[in-house]
Amino acid sequence: MAVPILPFLIAGPWIENWISAALAALGGRPLATALAVVAALGADILLPVPGSAVATLAGQTLGPSLAISCVWSGLMLSAAMGFEATRRFGRPMAERLCSPEELAAHESRFREWGAAGLVITRPIPILADACILWAGLQGFPRRRFYAVMAVANTAVAVVFVMLGWVSSRGEFTGLGLLISVLVPLLLAVLLTRRRR
């Protein structure tokens, strides 16, 4: 959990403002904007990138088709890096940081949710990254992981890009961005309460 949380606490607001300004500045250059979207979302597993806001801004600046492709590619890149890194290197670190009881409890919880947990948490900041890291740590089957991620990332990309695109058609640009930030936070609160 510390991997996605600590960078967010330290530099989250600064990075969010920087990404928003950078995408706005690239608005007239579709190729540069597309590459920036993929790079920003790809780095989300290590940096506190506001993924839903980036996807919404992509929809506002790139249009639906290109934006969905870029957002999906960035989300897949981020998921692959987190999954493969923890699958290969995560176990020794987890055993140093957690007691055997804590590891067993987390493993049981992940088995309980499994693929459904990967899908449900995908639009939720921090929980999505943590779930991906746990999938790698647990040795979740690769083919199944990438199949689940492909579907979940398609849904996330379509929803947030279309929110951005529709909001940019009228006078609702700021409202679309606000919704893209509030909805994932609301989902996180609801999911946390349900687990209690």
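Here is a walk through this structure, from the overall fold down to a few individual side chains.

Keep in mind as you look that this is a predicted model. The protein averages a pLDDT of 78, and 72% of the residues score at least 70. That confidence isn't spread evenly over the elements: helix H4 has the highest mean pLDDT, at 91, while helix H8 (residues 173-195) has the lowest, at 53. So much for how far to trust each part; now for the fold.

What you're looking at is built from helices, eight of them, with zero strands. Read along the sequence, the pattern is simply α-α-α-α-α-α-α-α. Of the 196 residues, 40% count as buried. The accessible surface comes to about 10,600 Å², and 69% of that belongs to carbon and sulfur atoms. If you take the contacts with a separation of 6 or more, 79% of them are between residues 24 or more positions apart.

A good place to zoom in is where H4 and H7 meet through their side chains. There are three aromatic pairs in the structure. One of them is Phe 83 with Phe 145: the ring centres are 3.9 Å apart and the planes sit at 10°, which is under the 30 degrees needed to count as stacked, so this is a stacked pair. Phe 83 belongs to helix H4 (residues 64-97) and Phe 145 to helix H7 (residues 142-169), so the pair ties together parts that are 62 residues apart in sequence. Both of these phenylalanines are buried, and Phe 83 has a relative accessibility of 0%.

Phe 83 has another aromatic partner in Tyr 146. Here the centres are 5.9 Å apart and the planes are at 80°, so the pair is edge-to-face. Once again the pair links distant parts of the chain, with Phe 83 in helix H4 and Tyr 146 in helix H7, 63 residues apart. Tyr 146 isn't hidden the way Phe 83 is: its relative accessible area is 25%, so it lands in the partly exposed class. Put the three rings together and you have one aromatic cluster, made of Phe 83, Phe 145 and Tyr 146.

Which charged side chains also join these two helices? A search of the whole structure finds one salt bridge, and it is formed by the side chains of Glu 84 and Arg 142, at 2.9 Å from N to O. Glu 84 is in helix H4 and Arg 142 in helix H7, 58 residues apart, so this pair too links distant parts of the chain. Both ends are partly exposed: Glu 84 has a relative accessible area of 26%, and Arg 142 comes in at 40%.

Next, have a look at helix H6 (residues 127-137), which is mostly covered, with ten of its eleven residues buried. The buried set includes Asp 129, Cys 131, Trp 134 and Leu 137. After H6 comes Gly 139, whose phi is positive, near 70°.

Cys 131 brings up the cysteines. What does a search for disulfides turn up? Across the whole structure it finds zero. Cys 131 is at 13% relative accessibility, so it counts as buried. Cys 70 is buried as well, at 7%.

Finally, two valines are worth a stop. Val 49 is found in the loop between helix H2 (30-42) and helix H3 (51-62). Is this loop residue buried or exposed? Its relative accessible area is 9%, which is under the 20% cut-off, so Val 49 is buried. Its C-alpha atom is separated by 9.1 Å from that of Pro 125, which is 76 residues away along the chain.

Val 159, for its part, is found in helix H7. At 52% relative accessibility, it is over the 50% cut-off and therefore counts as exposed. Val 159 and Pro 123 are 36 residues apart in sequence, and their C-alpha atoms are 9.8 Å apart in space.

Key. Residues numbered from 1 in each chain as written. Heavy atoms only, no water. Phe/Tyr/Trp six-rings, centres within 6.5 Å; stacked < 30°, edge-to-face > 60°. Helix = DSSP H or I, 4+ residues; strand = E, 2+ residues; numbered from the N terminus. Buried < 20%, exposed > 50% of the residue type's maximum accessible area, 1.4 Å probe, protein only. Disulfide = S-S within 2.5 Å. Salt bridge = Lys/Arg side-chain N within 4 Å of Asp/Glu carboxyl O. pLDDT = per-residue confidence, 0-100. Contact = heavy atoms within 4.5 Å. Areas by Shrake-Rupley, 256 points an atom, 1.4 Å probe, with all protein chains shown as cover.
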